[in-house]
Structures are given as structure tokens and as C-alpha cells.
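Visitor: I would love a close look at one part of this protein, with a guide to talk me through it. Could we start with a pair of strands and work outward from there?

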Amino acid sequence: MKFTLSWLGQYLSFDGLTAAQLADRLTMLGLEVEAVQELHAGLEAVKTAKVLSVRKHPDADRLTLCDVEVGDKILPIVCGAPNVRPGLVTAIALPGAKLPGGMEIKKAKVRGQVSEGMLCSFKELGISEAGSGIVELDPALASGLPLAEALELRDTMIEVDLTPNRADCASVLGIAREVAGFSGQQVRCPVQSLPAFTPQTEFSVRIAEPELCPRYAARRLVGVTVKPSPWWLQRLLLAVGMRPINNIVDITNFVMLEYGQPLHAFDYAKIAGKAIVVRRPLAGETNFTTLDNAECSLEPDTLMICDANKPVAVAGVMGGLNSEVDETTTEILLESACFNPVSVRRTARRLNLTSEASYRFERGVNPEGVTEALERAAQLICELAGATAAEGIDLYPGKKEPLQLELRVKRVNSLLGTSLSGGEIAACLRGIGFPVTEAGEVLNVTVPAFRMDIEREIDLIEEVARLVGYNAIPVTLPVIAMDCPQPEPLRQLRKKIAAALLGLGFYEAVNYSFVAKKHSDQLGLAADDARRRQVALLNPLNDEQAVMRTMLLPSLLDNIRRNLSFQQNDIRLFETGKVFTFTAPGQQPIERHRLCAVISGGCHPEASPLYFSGQESDFFDLKGAVQALLRELRLTAAVSFATVQGQAEPYAEPGCTLRLLANGQQLGLISKLTREAARAFGIKQDVYFCEIELEPLSLLPAAAKSFSQLNRYPSVRRDIALLVPEQIPAGALLQDILDHSLQHVVYADIFDVYSGKPIEQGMKSVALTVTYRSGEGTLDDETVNGFHEKIVSSLMSRFGGRYREIKETV
């Protein structure tokens, strides 16, 4: 909302307040001031001038030589304006002037002729966009006067950033009301009383949609002369960024800014049947042309202003081209109405039409101010357009009784920490137009119609707080209990998982919880699969975000496809988030936290081929990442892996799946995506994934953290190479060593498994390494040999193995 100090000064006095002080007071009242700007401050060297004579330039067809009177001086000027003529009083920029566009005026020769200044247009002076010719001023003005003084340009513009609930301040009178509240004044309204409308006979008004149009008033004016507005009106509109058009349009814009009530003037001769009907479009009324010559497609719920035959305006948004006021108009019908804010907002967004009128209607206008604004505009049209006010009509089907609220003095002081009396509170509210009746410790407050944001007692307390001043409210420290909130286990688990996987080279993905319904088909889920029972959104943004997700995997597969399309083939992603399981109609879905990770492409992303081959990721890379995650969470002992016979999921590759188990309960699985599912998502390379439920994982007991001192003594490593039957898993030998937990064995692992020549058929060679160390001293060969022989004997007897070769390294 923009206004100027001179405009605001028409309704109350603010002597003693500078523009900066006024801006500060308004900001503290909750009306944040965005800008305070001195208008036309750079026009000191621009004066009024009178053209004495005009003659043709000898060397240029489009230039003229002028003798111009500026005070007591006669200056030669070269001018190219088409409207320059003897006797014209205009504006001249003298040498040394710097115009708003950056042009600096100097004494110069133009095609051999001396020019001691420049005759200017309003556009060159930064006053308006009118630039077809030089300024034409009142012939009675003396020459040599500062232009800013002659045109009363010296003013200060203030711009206020309004919150959506303060529609009452989208007007100069609304701002004046706020200033009156802290300055103890009464606002001088332009219209002091409203004359009763004479019984109308020339036209009729019918409201077919009273819930969308609670009030509609109109007045006919005859003998109208459409012409340019007087300078005082143009100046006020230009100061707040509005373009003057003609006296009728300018008056409706002026009153809208003054009262906050949008108005519209129809050419009465273009109103068919001399009737106004407020209704929705009829069948066949699908298109409408607005004042700005834009074609609009009308929906059935669009509220329209119509005559007896056709729509003539989009209610609350913009008038129509078919009823526009032009220079031939002699009779107008002036409309002032109140429309439903939701209806106007929906229509403006759908048609992509925004206007100063829709801005105010969307936030709500004062229904009690409809006729006051109408009368103010009618008076100005009579004054500035030579019109005569004829009959009028006022229909008010949505009239409501004023809202009455009780305000408890004790409650106000309790919430604000103040000690205000009932009289002080009442004075604050009366200052901004609230009628208040005192009844002891309770105030009976009538909410005025222009304050549509006041609904409860707490709203009134908020008004008291801002009127008293937030700086006047005592400062108190909050009472904070000296306790520590218990960390939420699931949140802590998700943070640890993210840290661990990021350290393993994964990137975290954050996807919408809204997904496409087709994901179930792409993964090949069975018709009776519970994950097909998705929660549908009532108002989805698009088909790709129509339902709540029941799995994390599809979104990550979409991420892989998108990366592949940008030639990013080596991918490691994970996501921790919620999935939503349908329960029953009308009930909230069950929300579960889940982890999903995927790998695809190279085993060593972004690594130099000089040091790493182009090896592709496989199942064991993902398994290793899951094992590393479990180690980081200290859950290795609590979680075990189990192979799966057959196909665990319709999208999991058979024979390539491991289940994660804890206490016999499945926590998740690791698998390879089937080629069919990969193709369904547009992926042409292998994808490996894991899915883990986080709630049961968070309940597992983690191994206690412990510290062991670094051993001072050296270790001894012995290798074992045994031939064992081919059907015996190599891991069984390693597990046998670890299970026995022999003294001084600190590490054991497999480093080679081989079958084939020269190994006999049905046998394979398994090579293991075992590291021994004592914390009490250096181990000698005899001691190590004793432990080592026990291990070898155990492996031979249990697995039917025999020596292939023994190597020793110390």
C-alpha cells in the first residue's frame, strides 16, 4: 500500500512527526514500512518557462528554434517536440541539471545553433510515462518558478507492506485511522453523511448469488464529460505509481485508494435492458474479453456482472471491453459492491488476472463502506466531470449484526504482563474505531465492520498490545525447567545411519512422500499385495504425485534413471523416510520408518582408471556396506543373514537375496533388482538394493562401547592351506576358528579359495591366515605352534581336510 504525506494530511494532522518517525510508529503498530522516498528531489534546476517565439531550424526539418522566457531571462532553445508553440508555458531544464534518467544538461550547439537548456516532457522528468511532447502547464503560471513548487511535486511517498489480515489498511483512510489511534485525533472523512437514494426507475439490479455478493450498490450519473483529470488528481495517482487515464477512471482509482473500496464505471448506454444481474455464467457463456483486451475462458463457478443479455465484468477482478467508458460516454452507471473473498481469489488465480481491485476483494472489503465510497466517487464525478447524480439502488442481502465481544481486563494484563486499567484499554480501542462500553472489569467491545480479522477475545488483546506498544510491555525471562529432553531413539538411529553411509560413499536422497500409482505395476506387485493399497490424495499436484508411498525403492529407482539420463552411471544412493500403509477408509494410515539403499554401475565411482579397473558393483559390495553399517551401529551380533530359496519379492532376482534377521524376525533384505523391474523404470544396468525396517532395528540392543589399550608386543601370523571336500563352505572353516576363541588368536580370515588342476576332483583348497598375539609378552615359536596345531587338528577332524601346504611368516 502506497500513500503520500500530503494525501494523508487531508484527513488528519501529524505536525511534529517527520516521515521517518511516522514510518517507525507504523512499523511498531504492525504495519511494516518498506520504503520512505522523497519524490522528485532532483528537479531543483528545472523551472517553468514561457515560449515567446518559434521558428524553423535552418539545418534540420524536425527541429525548431525557440526564444524562451525564464524569469527575467530570454534563452535560445533548440526543440524537437511537436507541440511547442508561442505562448506555451512548459518546463525547462537549465544547464547543470541532471535529469532522473541520468541525462546531464549542458549549454551546447545543435546543428550549429546554440541551445541553453532543454524543454522537457513529463517522461524525461520522471513524473509520468507521457512522453509524446513537452509539458503543457497552466498558462497563468509565471515563468522562472521551480517546477516542483509550481506543480506541488515536493512530497514523500511511504510504502507499507501489509499482512493479509490487515485489509482495512489497504486505503489511505485506513492508515489515517491507525495514525489517529496513537496521536489522539479524529479522522476527517470526505463524506460526512449519506443522502438517501432516490427511488430508481431507470434501471434494476438483481443478485442471483447472494452468498457470493452480500451487497451491491449502484448510482446513475448523467451529463458526464469524459476528459483528462485535473493536475491535483493526476499528481496523487502518479505519486503512488498509477497511470492517469481520464477523469472517470481516475476518480474510481482515487476513491479505491482512499477508501479501500474498488469501484467500476459502466457506460450506461451499453447496458442492455438497463438491468444489472449478479450471477454465474449461463450455458454458452464461455469466453469474455476484459478491459485490457485479454480473452478469458469462464468456468461455471465464476461470478459475473451481467446486463440483460451478456456478462459485462468479472466480479471483483476486471470490467469488460463491451461496457468500457470512453470519450463518447455521457451517462455512466457507477458500481460499488462487496464480493466473497474466496470466490474472487479463485477466479483471479484461474484467469491469471491480478488488479488493485482483486487485491482488495481477496482480502475482504468493508461491506458497511460500500455506499460511502460510492457517494464520494459520485460527488467527485459531479465536480470534475460536470455530471448530475440521478437515482441509485442499494441491495444488502448479506447484512450481519456487528460482532460483540467481551474483553476481560484481568486477562489482558495476565497475558501481556501489564497493569492497564479498563479505561486505558478502552481508550486504545476507541482510538482505532472500536465502540467500547465499560462494565467493571469487563469491556463490551463492538467489532467494526472494517476489521474482519477480529473474531475472538485474544484478537482484541493483540490489538491492545500493539497499540500500547511492544516496547512498553515489561520484559520477563521465560521459565525453563532444568532438565534434559530424552533423545528420540529413531531420530538418533537415522542420524547414525546417514553418517555411516555417507562415509561409505553413498549420497542421501530426499524424495517426496507423494508418488505415482504406477509404481506398483512397475515392480510387478501381486494384485492382493498390501502395498498396492495406497492412500490417494484428494487434490494431487499431478499424476506423478497422486498417492502416498508404501515403499522407498521406486523413488530411488527414479533417481537412478534421472542420473543415467545425465550420463552419471556410477550411483550409490540411500534414503531414510516414512512409508504409509493403508488401514481403512477415513482412518489415518500407519506410518513406518524405513531405510533403502541402492548401488549401480562402477565399484569405485569417480576413481582413476590408473589405479582401479572398471569393475562393476555386485551383490557383495552392497552386502559389505550393510555389514559395515551394522558394525557402526554395534549390531553385528544382534543381526544375522539368511539365504532365500526362490524369489523373496516379485522385483528381487531369485537366488540372489539375503534376509536380515533378528530374534527370528525379518528386518529387511538385500537383493538384485530383476531385469523386468529395471526395464520398467527405464534402467539398462544392474541395480542392487537393500530395504530395512528401522523401528525394530532401533529396539535391538547395541554392543557396549569398550576401550582396549594398544598391544605393546609383536604379532605372529601363520597361514593354513587345507584340501577339503568341495561341498564344504569356505566360511565354515573360518567360523570354526572364530567360534572356538582360542587364546591369543586376535585375527583370522580367508585369503584364497581354489579348485581345479592340480587339485583332485571333488576337493578344493582353502587358504586361511591366523594372527596370534599376547598382551603379556612376546610369543615364542613353541607356544604359537601349540595353538596352531590345535586349530589345524580341529579343522581336519571336523571337515575331513588335509594339508596342501603350510607357510610361516613372522
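Visitor: In which sense do strand β17 and strand β18 pair, and over how many bridges?

Guide: Happy to take you there, with one reminder: this is a predicted model. Strand β17, residues 304-306, and strand β18, residues 311-314, run antiparallel to each other, and three bridges join them. Within that pairing, isoleucine 305 sits opposite alanine 313 of β18.

Now widen the view to the sheet around them. β17 and β18 belong to an open sheet of five strands, ordered β11-β14-β17-β18-β19, and its pairing is mixed. At the edges are β11 (204-207) and β19 (318-319), each of which pairs on one side only.

The β11 edge deserves a pause. β11 pairs with strand β14, residues 275-279, in the parallel sense over four bridges. Valine 205 has isoleucine 276 as its bridge partner in β14. In a regular strand, side chains alternate between the two faces of the sheet. You can follow that pattern along β11: Val205 and Ile207 point to one face and are buried, whereas Ser204 and Arg206 point to the other and are not.

What about cysteines? The structure holds zero disulfides, and a disulfide needs two cysteine sulfur atoms within 2.5 Å. For cysteine 296, the closest cysteine sulfur belongs to cysteine 306 and lies 14 Å away, so the two are too far apart for a bond. Cysteine 296 is buried, because its relative accessibility is 4%. Cysteine 66 has a closer call to make with cysteine 79, yet their sulfurs are 5.1 Å apart and therefore too far for a bond. Cysteine 66 is also buried, at 1% relative accessible area.

A loop residue comes next. Glutamine 261 lies in the loop between α6 (247-259) and β13 (263-267), and it counts as buried because its relative accessibility is 2%. The C-alpha of glutamine 261 is 7.6 Å from that of arginine 360, although the two residues are 99 apart along the chain.

For a helix, turn to α4, residues 172-183. Its twelve residues reach 16 Å from the first C-alpha to the last, close to the 16 Å expected at 1.5 Å a residue. The buried residues of α4 are Val172, Leu173, Gly174, Ile175, Ala176, Glu178, Val179 and Ala180. After the helix comes glycine 184, with a positive phi near 70°.

Further along the chain there is another open sheet, with seven strands in the order β25-β28-β29-β33-β32-β31-β30 and mixed pairing. Its edge strands are β25 (507-508) and β30 (640-643), each pairing on one side only. β25 pairs with strand β28, residues 571-581, in the parallel sense over two bridges, and glutamate 508 stands opposite phenylalanine 574 in β28.

Let us finish at the surface. Leu610, Tyr611 and Phe612 make a nonpolar surface patch of about 390 Å². Phenylalanine 612 is in the loop between β29 (590-600) and α16 (619-632). Its relative accessible area is 38%, so phenylalanine 612 is partly exposed.

Conventions
Residues are numbered from 1 along each chain as its sequence is written. This is a predicted model: local features need pLDDT of at least 70, side-chain atom pairs count only at pLDDT 80 or more; totals for chains, interfaces and linings use all residues. Side-chain values use heavy atoms; hydrogens and water are left out. Two strands pair if DSSP finds at least two bridges between them. Patches are made of residues with over 30% relative accessible area and no salt bridge: like charges are joined within 9 Å, nonpolar side chains (Val, Leu, Ile, Met, Phe, Trp, Tyr) within 5 Å. Accessible areas come from the Shrake-Rupley method with a 1.4 Å probe; for residues, only the protein chains shown count as cover. A salt bridge is a side-chain nitrogen of Lys or Arg within 4 Å of a carboxyl oxygen of Asp or Glu. Buried means under 20% relative accessible area, exposed over 50%, partly exposed in between (1.4 Å probe, protein chains only). The expected span of a helix is 1.5 Å times one less than its number of residues.
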